[in-house]
Amino acid sequence: MVNLIAGKPAVPELIQNDFTADRVAAEVLRLLNDQSARDALRRDLAEVRQRLGPPGAVERAAEAILKLLSSAHGNAK
């Protein structure tokens, strides 16, 4: 999900057969040993957080849906 929101491969997608102890260890070691990789990850995650907006997305989405439903219901009369 992070990569979809970022619009780029911000984090490795270790899913199914790619999720192995060796791959996880390699990614952890890469981040521990490579300052530029850590900095890039922090920047990318900060961008994702900014794109997501402030906390309360579920409530904002519910309010928007209710507003749309109220508007549609009012137009049906």
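Trainee: What is the relative accessible area of Val28?
Mentor: Keep in mind that this is a predicted model, where local features need pLDDT of at least 70, side-chain atom pairs count only at pLDDT 80 or more, and totals for chains, interfaces and linings use all residues. Residues are numbered from 1 along each chain as its sequence is written, and side-chain values use heavy atoms, leaving out hydrogens and water. Val28 sits in helix H2, helices being DSSP runs of H or I with at least four residues, and strands runs of E with at least two, numbered from the N terminus. Val28 is partly exposed, because that class falls between buried (under 20%) and exposed (over 50%), with a 1.4 Å probe and protein chains only, and the value is 42%.

Trainee: Which helix of the protein chain has the lowest confidence?
Mentor: Confidence here is pLDDT, given for each residue by the predictor from 0 to 100. The chain has a mean of 92, with 96% of its residues at 70 or more. At the high end is helix H2 (residues 21-33), with a mean of 97. At the low end, with a mean of 86 over residues 57-76, is helix H4.

Trainee: What pattern does the protein chain follow along the sequence?
Mentor: Its secondary structure is made up of 4 helices and 0 strands. Read along the sequence, that gives α-α-α-α.

Trainee: What radius of gyration does the protein chain have?
Mentor: We take it over C-alpha atoms and set it beside a globule rule, 2.2 Å times the number of residues to the power 0.38. A compact globule of 77 residues would come out near 11 Å. The C-alpha trace spans about 65 × 30 × 20 Å along its principal axes. For the chain, the radius of gyration is 20 Å.

Trainee: What share of the 77 residues in the protein chain is buried?
Mentor: One residue in that class is Asp44 of helix H3 (residues 35-52), which counts as buried because its relative accessible area is 13%. Across the 77 residues, the buried share is 10%.

Trainee: Which residues does Asp44 touch, not counting those up to four places away in sequence?
Mentor: Touching is contact, meaning heavy atoms within 4.5 Å. With that cut-off, the partners of Asp44 are Lys8 and Ala10.

Trainee: How far apart in space are Val24 and Leu14, C-alpha to C-alpha?
Mentor: Val24 lies in helix H2 and is partly exposed at 29% relative accessibility. Neighbours within four places aside, Val24 is in contact with Leu14 and Phe19. Val24 and Leu14 are 10 residues apart in sequence, and their distance in space is 7.8 Å.

Trainee: Which value is phi of Gln16 near?
Mentor: Gln16 is in the loop between helix H1 (2-6) and H2. The residue counts as exposed because its relative accessible area is 73%. Its phi is positive, in a residue other than glycine, and is near 50 degrees.

Trainee: How far apart in space are Gly7 and Val48, C-alpha to C-alpha?
Mentor: Gly7 belongs to the loop between H1 and H2, and with a relative accessible area of 63% it is exposed. Gly7 and Val48 are 41 residues apart in sequence, while in space their C-alpha atoms are separated by 9.2 Å.
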